[in-house]
Structures are given as structure tokens and as C-alpha cells.
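Good morning, everyone, and thank you for making room for this short presentation. I would like to go through one structure with you slowly, and I will ask you to keep it in view while I speak.

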Amino acid sequence: MLQFEKIKGHEQVLFCNDEATGLKAIIAIHNTTLGPALGGCRMRPYSTVDEALEDVLRLSKGMTYKCAAADVDFGGGKSVIIGDPSKDRSPELFRAFGQFVESLNGRFYTGTDMGTTPEDFVHALKETNCIVGVPEAYGGSGDSSVPTALGVLYAIQATNKVVWGSDSLASKSYAIQGLGKVGFKVAERLLEEGNHIYVTDINEKALDAISSRASDLGGKVTVVNGDEIYGVNADVFVPCALGGIVNDKSIADFKFKAVVGSANNQLLEERHGELLQQKGILYAPDYIANGGGLIQVADELYGPNKERVLTKTKAIYDSLLSVYEQSENDGIPTVEAANRFCENRIEMRKRRNSFFSHKQRPKWDVRN
Ligand code: NAD
């Protein structure tokens, strides 16, 4: 009874136990109104099953919103494997996991997340078709940071349009935290537009690399240390590293007019979205701005096609403008407007599904 209270709001939770391989996993399906559940598989040495359950339930609910925002034909799900990724990963374990995924008969699609690699899912792919994000040689669509970075740039354009009346990326200054796969690509594009960018990273090589790109691309790079990034005199903050970086302490330093980046869970707490609003700082909800990677893996089911993914990623621009408009009209923080935007999309589909009840679901997987 206690467990059913815990999974309230979720459609299905599957506990997977395979003694031969040592697999202990939980698959959570939050909501399949928009299509089968989609969500990565995270591997962590959770100290208790309750801790793993809490994580998978929270993450799978988040995926329902992220899929709705990206307008893909998937619902929200997630899976966790309880184990230490540095010593417990094996081909057999991922094949066993693939068999559990297959047992859900197309209700759940998964792939890599923290603690797992695309190669792990090549083993799972032997047991089920319901795998996304494998290497290109196995039919996957490749590096998801390309559409993610592009989506962030569209999100910056939409934000610039609302704050400054023009969606040009040029003639602004940007503070970029994290020059990894996403942040570096965003930084290069912003330099191409001749902007001044402030950057920080714990990786010295990334800082050297972007400084040397400035001489080829144009623009200006100023490197700052750690938390100094929160107080620089830039127009837009672009967090592309850690979560929880928008908090009471950092907001007190902000001179930015907007926050738009790829990092997941940027707000330490949802109330920090309200605090940004009170300070007149426009916040692009992270799960909309960083949806490009999700759009790419969801699109794999139609066969890999980079052009189509890039076209679909462009829709992030319009989605964000709708969210900003709703936030303005209703006088609510953008994060709340984003949640309503997604709930509305799910509600509309629910009505359509029941209206066309003889044909409830789109044909999801052209590979089957
Ligand atoms: P990455 O690991 O390639 O890059 C992260 C960068 O942040 C690294 O260069 C790292 O050195 C730097 N970093 C780490 N700690 C830091 C700190 N304390 N201060 C400054 N820099 C720090 O990751 P990525 O793929 O570029 O993703 C960046 C963020 O975007 C992550 O939060 C990720 O979850 C999120 N995201 C990525 C994708 C994608 O497709 N790659 C999709 C959605 C969301």
C-alpha cells in the first residue's frame, strides 16, 4: 500500500532482478499519453532501493514534460540500474536489461544516461529494438550535443527577441559556464557573430581552445575563475555545465538580463524562477532550451536524418516564444508557464486520442 502511494501519478513501475548477471534495475513509466515512454538509463551505486525508486520516479515525470515540450511522439519514462558503473557494467548485464525492456512490448524506449555509455546499449539492442542513441555504426544518429547546442542558440534568439526586440545573436555579451560538448559549440557560434563572451570551465584545455578560436572566428574572450562568472557584466548567462547554479547566492550577483543554457535542472528550487522574474531576468526553462538531443533520439525511430532533426530543433524557438507570452499574459514565472504549456499539449492529445479511439496511437517505430 505504501509503495502505491509512492508511485501515485505514474502508470507503471517495473522492478527487474536478474541473479545470473547481478542486474537490479527499476523502470518507471510516468505517462504514455503522447506515445510510448522514453528516457535514459542511469547507473548509480544507490545506497537503498528507496533512493533509486525516488530518483527514477522524479526523472520519469520530468521526461513527460520534456517530451511534451519537444513535441515528440513519446511520453515520459526513465530507468535506473543499481550498481557501480566503474565495476558492475558487463555485456551480459545490459543484455538482461534489454530483455526486461523487451518485456514491456514497446511501452518503453531507453538509451544512455549518467553512468552508462552508448556501447552498453549495443548489447541491450541484441534483445530489443526499443533502444535509442547507439553509435552511428549500429543505426544511431550520432552526437546529440550538435542539436542540443543548436537548440540553445534558437532559445537565445527567442529570448533576445523578447528582451531586446530583435532575435539577432549579435551585439550582445554572454557568460558561458562550461565549454564541453554543448558549451563549446555555442561559444564558437557566438564568437562568429563578433560578440564578447566571458567563459569559465574547470578544464584549462577547453579555456585555451576557445581563446585560440577567437582569433579565427572574431569576437572577444575573457576567461574568469569559478563563481566569478555569476557577477560578470554580460547580457545573457549561458549555463552549460552544472545544475542548481541558479540559487539565492548566484542570483544576488546576477547583472544579466536573461538566463538560457543547456544544463539540466538549473534552478536549485522552483522558487528561484520566481526570484529571477522579480529581478527582471528572463529565464528560458532548461528542459525546453536543451531539447535538441531528445529531438534527435526520438527522431531515430524514423531512421537517422540529420537535416530533419535540425529542422525539428528549430521549433524550440516558437515553443519558447509561446511560453514567454503565456508568462507575460498570466503574470507567472516562465517555468510555471512552461509546465502549463506542456500539460496543455498532453491534455489536447488525450482528447484527440479518445476521439479517435479506434486509432489511438501513431505508428511509433518504422523499424518494427
Ligand atoms: P560535457 O561533460 O561535455 O561538458 C561539461 C563541461 O562543464 C566540461 O567542459 C566540464 O569541464 C565543465 N564543468 C564541470 N564542472 C564545472 C564547474 N564547476 N564550473 C565550470 N565548468 C564546469 O557535457 P555536455 O554534453 O556539454 O552537457 C552540458 C550540460 O548540458 C549538462 O548539464 C548536460 O546534462 C546538459 N545537457 C546535455 C545534452 C547533450 O546532448 N549533450 C542534452 C541535454 C542537456
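I will begin with the surroundings of the ligand and then turn to two helices. Please keep in mind throughout that what you see is a predicted model.

Let us start with a question: how many residues surround the ligand? There are 18 of them, and the closest are Thr-148, Val-182, Asp-201, Ala-241 and Ser-262. If we sort this shell by class, we find 7 nonpolar residues, 9 polar residues and 2 charged residues.

Some of these surroundings can be described atom by atom. Lys-181 places a polar atom of its side chain 2.9 Å from an oxygen atom of the ligand, whereas Val-182 uses a polar backbone atom, which lies 2.9 Å from a ligand oxygen. Ala-241 also takes part through its backbone, with an N or O atom 2.9 Å from an oxygen atom of the ligand. As for the ligand's surface, it exposes 830 Å² when taken alone, and the protein buries 73% of that.

Which helices each supply at least two residues of the shell? They are helix 5, running over 145–164, and helix 6, running over 181–192.

How, then, are such helices compared? Two packed helices are described by the angle between their axes and by the distance between those axes. Here, the axes of helix 5 and helix 6 come within 9 Å and cross at roughly 50°, and helix 5 and helix 6 are therefore oblique to each other. The crossing of these two helices, helix 5 and helix 6, is right-handed.

Note on methods. Residues are numbered from 1 along each chain as its sequence is written. This is a predicted model: local features need pLDDT of at least 70, side-chain atom pairs count only at pLDDT 80 or more; totals for chains, interfaces and linings use all residues. Side-chain values use heavy atoms; hydrogens and water are left out. A residue is near a molecule or strand if one of its heavy atoms lies within 4 Å of it. A polar contact is a pair of N or O atoms within 3.5 Å; within protein, one must be able to donate a hydrogen and the other to accept it, and residues adjacent in sequence count only if both atoms are side-chain atoms. Accessible areas come from the Shrake-Rupley method with a 1.4 Å probe; for residues, only the protein chains shown count as cover. Helices (H or I, at least four residues) and strands (E, at least two) are DSSP runs, numbered from the N terminus. Ala, Val, Leu, Ile, Met, Phe, Trp, Tyr, Cys and Pro count as nonpolar, Asp, Glu, Lys and Arg as charged, and the others, Gly among them, as polar. Axes are lines fitted to C-alpha atoms, for helices over the stretch in contact, and angles run from 0 to 180 degrees between N-to-C directions. Angles under 35 degrees count as roughly parallel, over 145 as roughly antiparallel, 65 to 115 as roughly perpendicular and the rest as oblique. A crossing is left-handed if the near helix is turned anticlockwise from the far one by less than a right angle, and right-handed if clockwise.
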